[in-house]
Amino acid sequence: MTIGAERDGMSKADAVAIVECESLTTPAGLDARATLARRRCTAFILNTATWLLIVLVTAHALAHGGWTLTSAIMVICVALGVPWPILGFWNAVIGLWQLHGSRAQKRTKSNGEAAFWTSISEPPPITVNTAVLMTVRNEDPARALLRLKIVKASLDRTSDAARFSYFILSDTNRADIAAEEERLIAEWRAADADRDRIIYRRRTENTGFKAGNVRDFAARWGSDYELMLALDADSLMTGETIVDLVRIMQAHPRLGILQSLVVGTPSSSAFARIFQFGMRLGMRTYTMGQAWWVGDCGPFWGHNALVRIKPYVEHCALDGLLGGKQILSHDQVEAVLMRRAGYEVRVLPVEAGSYEDNPPDLIEFMQRDNRWCQGNLQYVRLIGLSGLKPVSRFQLLWAILMFLGVPAWTLFAALLPLMVLNAQNVADFPWHVVEMLYVMLIVMHLAPKLAGIADAIMTPGEVRRFGGSARFSLSAVGEILFSLILGSVTTIRTSMFMIALVLGKSIAWNGQQRDGTGLSWRTAIEALWPQLVFGISLYLALAVISPRLLLWSLPLTAGYLLAIPFAFFTASPAVGRFFRRHGIAGIPEDFAPPAEIRALEAGR
């Protein structure tokens, strides 16, 4: 077993054990189910108690001297906004304990490279057929196909290559791009001895969007395969990782979806480098903690994941769930339907050869966020679906809260001047309580990143994989500042977008800008002037009413004023080249790239 072999710490066997699927008909399975129930109860108590504490303390402080309309609205804003950072905090804490607590140390001290298949001398042969699917719509054909070719070449180096076939499922509606797709795939098939296992299909109608694209494949070819590996146009996976995941699915027939932990590919964009440096640190502890208690009701991100085709076809149809509307964020809905059918959905919280590209600039990042926001808010109408598991319903609510709290925090910030005016009329207003809550919320917001930094420091050799202590420290501090600014900027944009949704507007899901070319000052100003106006108005009001509060607010409000230069400089190709040349915000693959990453760089 090769999953997770690139880093020390928790062994592969321990990480896989977190997602191990025990049969409920065995004593071990019954015991595992009881353990999972206790874990979920623990997570529920921790999150609910923390939420109640924060809301009650906030209400006590803001209503000191009597309730006002402003204080009531601000307490409601806090109640709506804090669930997401609270959940992130406890997931990160649990994940860090899983990785470095006393039990983890006992598990790993004897063999940090223990294999999952410890009971046999050699991994079992793969006996199931897997279809590797890449879905595209108006993407750069050469860019997308390069990644699929690398995936195939990597699988060809394994002993199970014949068990995999490759499908390019196109919903492209631009004639020039479609023609280029056909030409490049024809050239690939002509040059590859496995041409019969490379299939291209283009639909003329984008029915059901990406989910409909995949279901069309399942209807036409699904009976020939047991598993399908969903890839996006920017996905990249190593052959060894794919084979390992297939073996897990093969060994556990009740496992319906197995999601890999996806990390960013090396990038020359400063924005993408800083963003994915933080994600790389935070996702491991966060996902480890999440997997500890969600168990068999895990997340599905729609790509870089294996799906069992037969139950997917029989139980995961989306048609009619929203009446005549199409479901946009299909992945988590398919996950809860798969779980409703009795199949498990698991995430493997191990960094192991599973990659994606991140947005190259702030504008593209916000557009992606808006697409996710529009899709996730549809879940409001799906939470009440009959037969869903309680944790599955929470997964849908969780996705909604990811965006519902954003306008709540924006409104909270807008009401700060009024809150100060009200507080000034109260002689003994508890400012020390407000300051304590403020610090607590910032820590909770940053908890996954802080836990990730702690994980790297406590894992032997991990800081070195990020370029050494100096680079790691500089990058970690810079990424925290980056994330605070990014959070401020995106709250305004998301809030405006949600208002537009209420007014009947929507955003199209189409090809994305995946490579950075920089932003002009004009583009940045046109996109981000609302943040600047909001920031100036807020700062002027606070400067007049309470300069002290203005200073306290800077970590969460500075992004309003810095949004335009932030977007321009983080998108600058020159800044990106400087970062890459000096290893700033570098990830392990920047310093020791595997063969697949080297092939990607050569292909570029």
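This is a guided tour of one protein structure, with suggestions for what to select in the viewer and what to find there.

The structure is a predicted model, in which local features need pLDDT of at least 70 and side-chain atom pairs count only at pLDDT 80 or more, while totals for chains, interfaces and linings use all residues. Residues are numbered from 1 along each chain as its sequence is written, and side-chain values use heavy atoms, with hydrogens and water left out.

**Stop 1: the nonpolar cores**

Begin by selecting Val 132, Leu 148, Leu 155, Phe 164, Ile 168, Ile 242 and Val 246, which have the most contacts inside the largest nonpolar core, a set of 41 residues. A nonpolar core here is a set of buried Ala, Val, Leu, Ile, Met, Phe, Trp, Tyr and Cys residues joined through side-chain atoms within 4.5 Å; buried means under 20% relative accessible area, exposed over 50%, and partly exposed in between, with a 1.4 Å probe and protein chains only. Next colour helix H6, residues 141–156, which gives the most to this core, with seven residues. Helices (H or I, at least four residues) and strands (E, at least two) are DSSP runs, numbered from the N terminus.

Now centre the view on Ile 168 and, leaving aside its neighbours within four places in sequence, look for its contacts, among them Met 134, Leu 145, Leu 148, Trp 188 and Tyr 200, where contact means heavy atoms within 4.5 Å. Apart from the core around Ile 168 lies another core, of 39 residues, including Ile 54, Ala 408, Ala 423 and Val 426.

**Stop 2: strand E4 and its partners**

Select strand E4 (227–231), where five of five residues are buried. Turning the view shows that both faces of E4 are covered, with Leu 227, Leu 229 and Leu 231 on one side and Met 228 and Ala 230 on the other. Add strand E1, residues 130–136, which runs parallel to E4 and is joined to E4 by five bridges; two strands pair if DSSP finds at least two bridges between them. Then add E7, which pairs with E4 in the antiparallel sense over four bridges. Met 228 is a useful residue to label, since Ala 131 stands opposite Met 228, and Met 228 also stands opposite Val 307 in E7.

**Stop 3: salt bridges**

A salt bridge is counted when a side-chain nitrogen of Lys or Arg lies within 4 Å of a carboxyl oxygen of Asp or Glu, and by this rule the count comes to 34.

Staying with E7, select Arg 308 and Glu 226, whose side chains meet in a salt bridge at 2.8 Å, N to O. Glu 226 lies in the loop between helix H8 and strand E4, and Arg 308 in strand E7, so the pair ties together parts that are 82 residues apart in sequence. Arg 308 counts as buried at 5% relative accessibility, whereas Glu 226, at 35%, counts as partly exposed.

Move on to Asp 160 and Arg 247, which meet in a salt bridge at 3.4 Å, N to O. Asp 160 is in the loop between H6 and strand E2, and Arg 247 is in helix H9, 87 residues apart.

Finish with Arg 339 and Asp 296, which form a salt bridge with their closest N and O atoms 3.0 Å apart. Arg 339 lies in helix H12 and Asp 296 in the loop between helix H10 and E7. Asp 296 counts as buried at 0% relative accessibility. Adding Arg 33, Arg 40, Glu 344 and Arg 346 to the selection completes one network, joined by salt bridges that share partners.
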